[in-house]
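Trainee: Got a minute to go through this one with me? I'd like to work out how it is put together.

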Amino acid sequence: MKVLGIVGLPGSGKGEFSKIADQMGIPVVVMGDVIREEVRKAGLPPTDESMGMISKALREKHGMAAIAITCIPVVECLQSDLVLIDGLRGDAEVRVLQEHFPNFVLIAITAPDEMRFSRLCDRGRSDDLSSISELYERDARETSFGLLNAMDMADLMLENATDIEAFKQSVISTLNVLQNECGCTECVP
């Protein structure tokens, strides 16, 4: 089994990447859904503040790789040759997944701050932001989990700084190569 991990700052395009993978028939496990489910179980409103509080609490209780560890059995149950995990937040999560899945490939997605903010305002989720300062607060919270370290560990980097069609073509091309390669990152352009 080859497992792909997606890492990037909020609004960089992780969800779009996952949507394209899903459309290509690649199973997707969304780490944020694990946190959303915990927020729901705690009876909290599904806001950015609740998501941050719960993600921090899970990591304090179970370690910085808590959410990745929770996702491993979900990935294994899919019994697919290729699975995508969306939304890694730190280097501890990357290391756990690299150790557990020998054919793990990490993909980092980058985008300019203004584009990320615009995307987050437009997507219509309850944890969306209302100001650029909220984006920077969220970035600070997520980088405190080791997000930038995780991005530095990436096997591949995709820039999402132009239009959606260009990004889609980049994602499709990347996924096609990863579906058909031998399992090593040297095969990826």
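Trainee: Which residue with a positive phi follows H4?
Mentor: Keep in mind that this is a predicted model. Most residues other than glycine have a negative phi. One residue here goes the other way although it is not a glycine, with a phi of about 45 degrees. It sits in the loop between H4 and S3, and the residue that follows H4 with that positive phi is Gln 79.

Trainee: Is Gln 79 buried or exposed?
Mentor: The cut-off for exposed is over 50% relative accessible area. Gln 79 comes in at 72%, so Gln 79 counts as exposed.

Trainee: Back to H4 itself, then. Which residues of H4 are buried, and what covers them?
Mentor: The buried ones are Ala 66, Ile 67, Ala 68, Cys 71, Ile 72 and Val 75. Their cover includes both strands and helices: S1, S2, S3, H2, H3 and H5.

Trainee: Which residues have the most contacts inside the largest nonpolar core?
Mentor: That core has 31 residues. Elements giving two or more residues to it include strands S1, S3 and S4, along with helices such as H2, H3 and H5. H4 supplies the largest share, five residues. The residues with the most contacts inside the core are Val 7, Leu 88, Leu 97 and Phe 104.

Trainee: Take Phe 104. What is it in contact with, leaving aside its neighbours within four places in sequence?
Mentor: Two of the names from that core list turn up again, Leu 88 and Leu 97. The rest of the contacts of Phe 104 are Val 3, Leu 4, Gly 5, Val 94, Gln 98 and Asp 155.

Trainee: How many residues are in the second, separate core?
Mentor: Leu 4, one of the contacts of Phe 104, belongs to that second core. Phe 17, Val 105 and Ile 109 are also among its members. The size of this core is 17 residues.

Trainee: Why do the buried residues of H6 line one face of the helix?
Mentor: The residues in question are Arg 116, Phe 117 and Leu 120, and they pack against helix H7. The face turned away from them carries the exposed residues Glu 114 and Asp 122. Looking down the axis of H6, the buried residues line one face because they fall within an arc of 100 degrees.

Trainee: Ser 50 is in H3. What is its relative accessibility?
Mentor: Beyond its neighbours within four places in sequence, Ser 50 is in contact with Val 39, Leu 44 and Pro 45. Buried means under 20%. Ser 50 counts as buried because its relative accessibility is 6%.

Trainee: Now the cysteines. Why does Cys 77 have no bond to Cys 71?
Mentor: The structure holds zero disulfides, and a pair of sulfurs would have to lie within 2.5 Å to count. Cys 77 is exposed, at 64% relative accessible area, while Cys 121 is partly exposed at 34%. The closest cysteine sulfur to that of Cys 77 is the one in Cys 71, and it is too far for a bond, at 12 Å.

Trainee: Last one, on rings. Which ring does the charged end of Arg 59 sit over?
Mentor: Searching the whole structure for aromatic pairs gives zero. A charge over a ring does turn up, though, with Arg 59 at 4.0 Å from the ring centre. The ring under that charged end belongs to Phe 145.

Methods
Residues numbered from 1 in each chain as written. Predicted model: local features only at pLDDT ≥ 70, side-chain atom pairs only at ≥ 80, totals over all residues. Heavy atoms only, no water. Buried < 20%, exposed > 50% of the residue type's maximum accessible area, 1.4 Å probe, protein only. Phe/Tyr/Trp six-rings, centres within 6.5 Å; stacked < 30°, edge-to-face > 60°. Lys NZ or Arg CZ within 6 Å of the ring centre and 35° of its normal. Core = buried A, V, L, I, M, F, W, Y, C linked by side-chain atoms within 4.5 Å. Helix = DSSP H or I, 4+ residues; strand = E, 2+ residues; numbered from the N terminus. Contact = heavy atoms within 4.5 Å. Arc of directions from axis to C-beta.
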